[in-house]
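Hi,

Here is the structure you will be working with. Please open it alongside this email.

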Amino acid sequence: MTALEGVLPLPLPLSVIAFCAAVCAGPAVWQLVERGRVSRRAEALFGRTGTTGPAVRRVRERLTGLPKEWFCLPVAVVLALWGESVLPLVAGAVAVPLVRRRLRAGERRRAAERRGEVMRRLCDVLVGELRAGAQPADAIATTVRALDRGRGGPELALVVAAARFGGDVPAALRKAARQPGAEGLVGVAACWRVAVDGGAGLAAGIERLGAALRAQQDQRDALRAQLAGAWSTVVVLALLPLVGLAMGWAMGADPVGVLLHTPAGLGCLVVGGLLEVTGFWWAGRIVRGGGAS
């Protein structure tokens, strides 16, 4: 008992215990969600294994189906209990739509990247179909149906319909190219128009288009790799205030209590939060500008 008293001279507050419990429970919940995803993939490949009960499967499904932005609220509740203030709850409620917007933007970006990959593969497969002797309309209809699998929406379905029933294929391709990531279909439409009107080789034109799309993607990947260091610097600078709070807490001070329960601390919290958000936004804009140039 004396040894424990030498290590912990003061009893831990209930709020600190709740905070530590939440921190320990976070990885467990994440592991549960990830295991649920893996189990569903395994069931899709090999069938149901029967290793988990229905109650566990229902919990996993509910956790997996919960929008990720709502995990801001449990974090806010823990911080509110720890700091004994309602301000973290307000901040968590404000953070939910902001995080949702950020997550939706990331989903749209990833969808555009997947669609761009489909467009590059479409050029390669279409060239192979044409050089194998297929008619252009049959080749593009077969290629789109094989590669799209419903991910491109009704626009690519219109391309298939136009190719099958003698419609305006270039117009359908240009309409489908309005989707983010499918801009390469404008080049396919141009090659189709030139081949129909001037008798030029459609396969050769689409092959050059596919090479140009791959070169553009390689350049984008190289630029993204070069900007990875800048993004890491931005994230580290954004986390420095939290490191300062943790250092103050480790030294025996109460920075959270000062920030949440004193007028000077509240002023510093508001000004610091605004500067943090402005600096992160400005640094991100600089890095994104470098990636777009």
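Below are notes on confidence, one helix and a pair of rings.

Confidence first. This is a predicted model. The mean pLDDT for the protein is 76, and 72% of the residues reach at least 70. Two stretches fall short. Residues 1-17 stay under 50, and the model gives them 5 contacts beyond four places in sequence. Residues 23-51 also stay under 50. For that second stretch there are 16 such contacts. Where pLDDT is low, the predicted coordinates should not be read in detail. Please keep that in mind when you look at either stretch.

Next, helix H4. The helix covers residues 72-83, 12 residues in total. From first C-alpha to last, H4 reaches 16 Å. That is close to the 16 Å expected at 1.5 Å a residue. Which residues of H4 are buried? They are Cys72, Ala76, Val78, Ala80, Trp82 and Gly83. Glutamate 84 follows the helix. Its phi is positive, near 55 degrees.

Last, the aromatic rings. The count comes to 2 aromatic pairs. One of them joins tryptophan 281 and tryptophan 282, with ring centres 5.9 Å apart. Their planes sit at 50 degrees, so this pair is tilted; edge-to-face would need over 60. Are these two side chains buried or exposed? Tryptophan 281 has 47% relative accessibility, so it counts as partly exposed. Tryptophan 282 is at 45% and also counts as partly exposed.

Best wishes

How values were computed
Residues are numbered from 1 along each chain as its sequence is written. This is a predicted model: local features need pLDDT of at least 70, side-chain atom pairs count only at pLDDT 80 or more; totals for chains, interfaces and linings use all residues. Side-chain values use heavy atoms; hydrogens and water are left out. Helices (H or I, at least four residues) and strands (E, at least two) are DSSP runs, numbered from the N terminus. The expected span of a helix is 1.5 Å times one less than its number of residues. Buried means under 20% relative accessible area, exposed over 50%, partly exposed in between (1.4 Å probe, protein chains only). pLDDT is the predictor's confidence in each residue, from 0 to 100. Contact means heavy atoms within 4.5 Å. Rings of Phe, Tyr and Trp (its six-membered ring) pair if their centres lie within 6.5 Å; planes under 30 degrees apart count as stacked, over 60 as edge-to-face and the rest as tilted.
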